[in-house]
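Let's take a walk through this one together, looking at how its parts touch. Have the model open so you can follow along.

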Amino acid sequence: MTFSCLQPPPLPDPHIDLESYEAGADLMVLNLGPQHPSTHGVFRIKLVLDGEIIVKAVSYPGYLHRGVEKLFEKLTYAQVTPIVDKNDYLSPMINEQAINMVFEAGLGIEVPRRARWMRTIIAELQRIASHLVAIGTFVLDVGGAIGGGASMFMYTFRDRELILDIFEELTGCRFHYNTHQVGGQRHDVPVGWDAKILSAIATIEQSLDMYDTLTSKNNIFRDRSEGVGVLGRDLALQLGLNGPVGRASGVDLDLRRDAPYHLYDELDVHVPVLMEGDCLARFKLRALEVRESIRLIRILLEDVPEGPIAALKPSKGPTAVKIKDGQWYVGVESPRGELGHYLIASASANKGMSPYRLKIRPPSLHLVSLVPWLLPGNSLSDAIAILGSLDPVMGEVDR
Amino acid sequence: MPTELLLFYALGAGAVLSTAAMLLPTTGRSPIHAALLLIVSFFFLAGLYALLSAHLLSILQIIVYAGAIMVLFTFVIMLLNLSPDEIREPKISYAKMLGGGVALFVFGKLLNGIGLAASAAKAVDLTQHDTFGTVKEVGHMMYSTFMVPFELVSVLLLVAAVGAVVLAKKNLAYVDRPVPSPAEEFKTEGHAAGDGEAAAGHGGHH
Amino acid sequence: MADLLANPWLRGIASSVVIATGVLTIAAWAIWFERKFAARMQNRVGPNVVGPAGLLQPLADALKLLRKEVLVPRKADAVLFRLAPALALFLTIAVVAAIPWGKDIYVADLDIGLLWVLAMSGMMLFPLWLAGWSSNNKYALFGGMRAVAQGISYEIPLLLSAMVPVVLAGSFNLREIVEYQSVHGWFAIWPPGIGVLAFVIFFATSLAEANRIPFDIPEAESELIAGVSVEYSAMSYGLFPMVEYVHTWLSSAVASVLFLGGWSGPGSSIWIIGLAWMLLKTSILFAFIYAMRWTLVRFRADQLMHFCWKWLVPVTLGLVCLAAVWVNVTAGGR
């Protein structure tokens, strides 16, 4: 696989010069966050408002900074997995997979087919769970925590609960799983797991029809989301956006299809792409992706591969994995876009047991970088809707 | 009768006191408190109207004056957010003197008219009619005897409203501003993503 | 006892006490009702710990709020900050005075009863605006400004749609409006089209006055956190939701008086059955408001204004004219 050396030209500054703003206008500075219920975590945006219209928006992430990348350099390869669960806390499974895939690339080992099959199913289930949260919280942001938005939020969380139950049956945990390890899986498939998955996705498929009725046939919801926060394809490309937000703006890119990993090369992944680029398109696209994930899971469950679930023997301690000198990058399709891990391994770093440097490319950081572009010109209410439709996870942005 | 008299004095005293309280140095420094006291005195006046059997007038006093108009008044005062020093500075200009002169003239004319009417009118105790002050009575008057002035006033108010909108409307050019577009040279069709070029690959080695 | 009640002063004091306790009781259990109702809509259980089926939960909440300290921000206007919630409660309860709950159950038989109701609920803007401004908080200020803008705009279609039953019944007196309907049928049904449209608009705009979804932009918690009440604590905060519940309840009561025949119904000559009819109609409208609240999302501020000025105001003006024509065409109807 080659890397594109496409160097985009410098972006124009989205921040307007306030001195040149209409003379005599009374501007007000409003700090949205960091303790605001609708910024999806501790995220602060400084808004300059003219009445209710946003003139300028400056984002200040960093309130959830935990120094994860520095921590990686102190922990051994086997100890890293439980840490990354907390990065994108809405899709911990995919974080675990991504970081273990870069270690496997460093070791140059092939993961057994059964483990890859499990990882594909887990990734798709996690994608459904994460998109359900995104769908629910977007309606919550548009509709209010005590109102119609909350009902939808409850419904999506009820459906997400089914997936958490499946994961709990597999791993014993509901959120921070630590079930992936270098070379394969830690826990094998429990008995009757596939039947449980099939019934859960059947329920979710039915619920999706209900969500569709509740939202796309609701005029107020359409008024609030249609044509709001339009992100053009050019800007999306230039800011390096992919994932649902990019695909809702016409960026036809999905790593599951274009750079397949796990078992995706055997599957025919249909990637939904919308051209509108507004909040409604982003919302609809997530629902379409959930349907696609359901389809993929059904195909996967038809043929269960037998065999071992891990390439390496179960590790006896945290020091089992040692990676020699080299640099590797692995990108996977997380529910928010391309989640990349860039590993520089060195035999000198903790005797080869720890990464020399491990850089994360979090998709949410690119989503947050849209704030100064999308918010100006919209009202305060729309700003919340736009933020909700981007669905960033601050744990991943700040790391 | 004593009840009515008692109420009259109570309401009258309330109206006078609340208006007088506006002039006190403690409240006079805060225009908001003064405006709210004005609302209180409007309520007392509404009570006096009700005592005179003018029910419609009293309720309109509350809806229109105490409700709609004073909300806008306080709205403006609060958003101006004047400091006490600014308020205590009386400035006299020619425009203000002219305006004051006109106001005095109109006020004098009004007093004169009231005096004329009072002397010319026969002393009729209107409150003896049981329909006095009811909605029907006022409506009849408004749409028969005072039809033309009533309509003229409403046209005047409409013109004033339209004028206020025209004056207050801002230049909204910025609001319709398009989202800043990226640099021109990047807008090429050749970079249609999805061809794997822009995608970072799985396990790519350097 | 009857002699004592003949005295207007004593009668006034007695009815005030009855109303205040009655309304606050209704508000408390309206909160319980809504929480249970919303829980059922959302596949939850709702309050179920304090008392049987959580019935004592409102009481527990009130006690908790009463025990807390009222915090006044240092830069707030302390007098207005404390005054606003009390004023809100006062104005809301004042509305009750003119509503006929049964054939002879009312506090005051005002010939301008409807105007009294509308005046008092229109004055509700004041406490909201005072609370928003005096908190000295930008979010609260936003809430207050939105409340005033929305309140003043929606008062127009509210008043105009309330004029339709007035024109039809030929009276501002709520008791007479109900009596007219008990003879000629509900205004929501007859005259066809005009009545039902006026009913829907009146109901919708009274939701806007009571700050209910989809019109609850003054306290839009997803953007303004809690709007006007963002700086309030303890019971001075608790009064705001309470007032909102009372206001919603009273809006349903006025709508059922104006359009659904109030206390009239089979057997309403007996006062208790009339009262039951009135409470039943009010409760159904009340429950409908909650079903809507937990289903719909909210408008944006500018969409709300467009909806009001470009749709509701012209339509209600037309409805008043149509009602006048109807009265003249069917002259002798009264």
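Which domains does the domain assignment give for chain C? There are two entries: domain 1 covers 1–67 of chain C, and domain 2 covers 76–329. Keep in mind as you look around that this is a predicted model.

Start with how these two domains of chain C sit relative to each other. Their C-alpha centres are 20 Å apart. Where they meet, domain 1 of chain C puts in 15 residues and domain 2 of chain C puts in 13 residues. On the domain 1 side, look for α2 (8–41) and α3 (57–67) of chain C, since each of these supplies at least two of the touching residues. The one to zoom in on is α2(C): with 12 residues, it provides the largest share of that side. And what classes of residue do you find on the domain 1 side of chain C? The tally is 13 nonpolar, one polar and one charged.

Now turn chain C around to find its neighbour, chain B. Here 15 residues of chain C are in contact with 14 residues of chain B. On the chain C side, the elements giving two or more residues are α5 (113–122), α6 (125–134) and α7 (138–169). Which of them gives the largest share of the side of chain C that touches chain B? That's α5(C), with five residues. Sort the chain C side by class and you get 13 nonpolar residues, plus one polar and one charged.

Note on methods. Residues numbered from 1 in each chain as written. Chains lettered and ligands numbered in written order. Predicted model: local features only at pLDDT ≥ 70, side-chain atom pairs only at ≥ 80, totals over all residues. Domains from an automatic or database assignment. Contact = placed C-beta atoms within 7 Å. Helix = DSSP H or I, 4+ residues; strand = E, 2+ residues; numbered from the N terminus. Nonpolar A, V, L, I, M, F, W, Y, C, P; charged D, E, K, R; others polar.
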